[in-house]
Amino acid sequence: MIPVLPIILPLLFMVVLIFTRRWLAFQQYFSLLATVVLTLVSVILLLDVQQNGIATLQMGSWPAPYGISLVVDMLSAIMLVTVSFIAIVIMIYSPGFIDKGRQSAGYYPISFGLLMGVNGAFITGDIFNLYVWYEVMLTSSFVLIALGGSAEQLRGSIKYVTINFVASIFFVAGIGILYGLTGTLNMADLAFKIRAAGHIPHMNGALMLFFIAFSVKAGLFPFFFWLPASYHTPPIPITALFAGTLTKVGIYTMFRFYSLFIVENALFWKSFILIIAGLTMTIGVLMAASQFDIRKILSFHIISQVGYMVMGLGLFTVGGISGAIYFMVHNMLSKTNTFLAGGLVYQRSGSYDLKKLGGLYKASPLLALLFFVPAMSLAGIPPLPGFFGKFFLIKGGFEAGDYLITAVAILVGLFTLFSMVKIWNEAYWKKEPEEIKKGKLSRRAIAATGLLAIAVVLLGLFAGPVSELTVEAARQVVLPELYINAVLGL
Amino acid sequence: MESVILQIAARHMRPLLVILSLVVLYRGHNEPGGGFIGGLMLGAAYILYAMAFGVEKTQKSIRISPVALTGIGLLLALVSGLPALMEGHLFMTGEWTTFFSGSSFELKLGTPLLFDLGVYFTVAGMLTLVMFSIMEE
């Protein structure tokens, strides 16, 4: 029963929020409570999976491969916990930042729609069902990105909607071909059939369609351009929620597909993915260095960091994958945190433009600290989690003997530090400009950012225990037989 | 623009379309039809009415807002999974009961139908929500 809760709880909360849409104060507190409940459920699920192995549930008692299977392995469980924790922080932050008009226009119910889609994508064991969850997630994100309907938002959302629809076409085309080739869409059954058949003609074509679809959603080279063109337009809690969840669902799906379906031509895929990873990292970080809007710098950084996760996938060793999963958790927390800190800067000074900012360190040391922690974490300074994430990945790279990508990863790390220092210098250290606005900071927003910063620090301090979890998750990814047997009950 | 022809047609078509949508909903379990198509028909009935009489008057005649209708639909879909749990089966397992069995009025009702009813309301709610917003512009 528990594996289905991460999907039906957000649905239940969404329904409650739809009926109570006139009482804004109730919505604010209920959403917070709801995300806490969701996090507790996810933690229970994580502990359960850690003790008893992969949890499966056959919806409606239709046995696999005929019905829809729900599967929670360590990777899914870790993702569920991280996403629902981020949701708590966003729900604390939102009332202090988003204007009342947007909040009562359905922000809270739609956010739970987004969470339902994300959670569904993490735990489904059926490719078509995965597509449905992607659509649930995207439809909700379409509403959120356009919520309020300012001209800038609409400009951004048109790009966002169009490119995501194109990606969905690739996704469905891939599903169609795959179903025609194998006659099944249950992931475990499909993986089993692929292994039994040895060689399936045209398999690579279908997989390439999937790769394009997911790399659009994840923001990989060369399909990342939509992300910085749209992410900076909505209010910052929405951007932060997107940054913490959406692209990572694309990455998660790539992990799942690579692990289950790539048997033939593994050598081609490995080098292909490593090249894409290297290009994504490098181009993302170079583009970020040339920006002057805080939100745009951070958006380009999402791309660069996604490259690291894909690098771990390309290595496909327990060390590499485990590093990538740890990095993903770190990135979801730290990236959301930098966006939220950027929101505080905006609340204080009324601008995201680095040229117009300055003197914030002197004006508000607390604000500076709240940005400093996640920024240094992203840059990879010990003992923050960014350092351990990169360390695990680079160690994995050396162990696998892929020296070139490892060298690229180290270099890109330096450039990341450069961008973070740039924001720091311009917004915090530079002398305060004369005409700067002196806005009031919301206490809730500060509390939320602080809570997330504490979580980031803890993730770094407890890198050892956390990496034990990620190693277990990586072992399940590298040995897909565990997944297949758990679902099919072999 | 007010058209008498459209108004008379809409007044007579609305009850027919609502009944037809319910028929499509009920037969959908084994034959072509179902909650989605039924919901579209229900939505179409009210959109036609709104085209003839305007959105405001239509809203008043429905009494329930499209958003609430969507909410009810989602709730029904969610609730349809629960009877299976009380029976000790897995979530969303179809549970059926038959009324008047053996007679010519045999009526089979089950949780899949309840789920379909949820889809029916959700689709109709979303459709009218979107269309009414566009028509009000």
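This report describes a strand pair, one helix and a chain contact in a predicted model.

In chain A, strand β1 (residues 55-58) and strand β2 pair in the antiparallel sense over 4 bridges, and within this pairing Thr56(A) stands opposite Val71(A) of β2(A). Side chains in a regular strand alternate between the two faces of the sheet. In β2 (residues 69-72) of chain A, Ser69(A) and Val71(A) point one way while Leu70(A) and Val72(A) point the other way, and all of these residues are buried.

The contact between the chains brings 15 residues of chain A together with 13 residues of chain B. On the side of chain A that touches chain B, α1 (5-19) and β1 each supply at least two residues, and α1(A) gives the most, with 7 residues. The residues on that side of chain A divide by class as follows.

| Class of residue | Count on the chain A side |
|---|---|
| nonpolar | 11 residues |
| polar | 3 residues |
| charged | 1 residue |

Helix α8 (residues 203-218) of chain A has 16 residues, which at 1.5 Å a residue should span 22 Å, and the span agrees because its end C-alpha atoms are 22 Å apart. This helix, α8(A), is mostly covered, with 12 of its 16 residues buried; among them are Met203(A), Leu207(A), Phe210(A), Phe211(A), Phe214(A) and Lys217(A). The cover over the buried residues of α8(A) includes α6 (151-182), α10 (236-261) and α12 (294-315) of chain A. Just after α8(A), Gly219(A) takes a positive phi of about 80°.

Notes
Residues are numbered from 1 along each chain as its sequence is written. Chains are lettered from A and ligands numbered from 1 in the order in which they are written. This is a predicted model: local features need pLDDT of at least 70, side-chain atom pairs count only at pLDDT 80 or more; totals for chains, interfaces and linings use all residues. A residue is buried if 20 or more other C-beta atoms lie within 10 Å of its own, exposed if 12 or fewer, and partly exposed in between; C-beta atoms are placed from the backbone. Two strands pair if DSSP finds at least two bridges between them. Two residues are in contact if their C-beta atoms, placed from the backbone, lie within 7 Å. Ala, Val, Leu, Ile, Met, Phe, Trp, Tyr, Cys and Pro count as nonpolar, Asp, Glu, Lys and Arg as charged, and the others, Gly among them, as polar. The expected span of a helix is 1.5 Å times one less than its number of residues.
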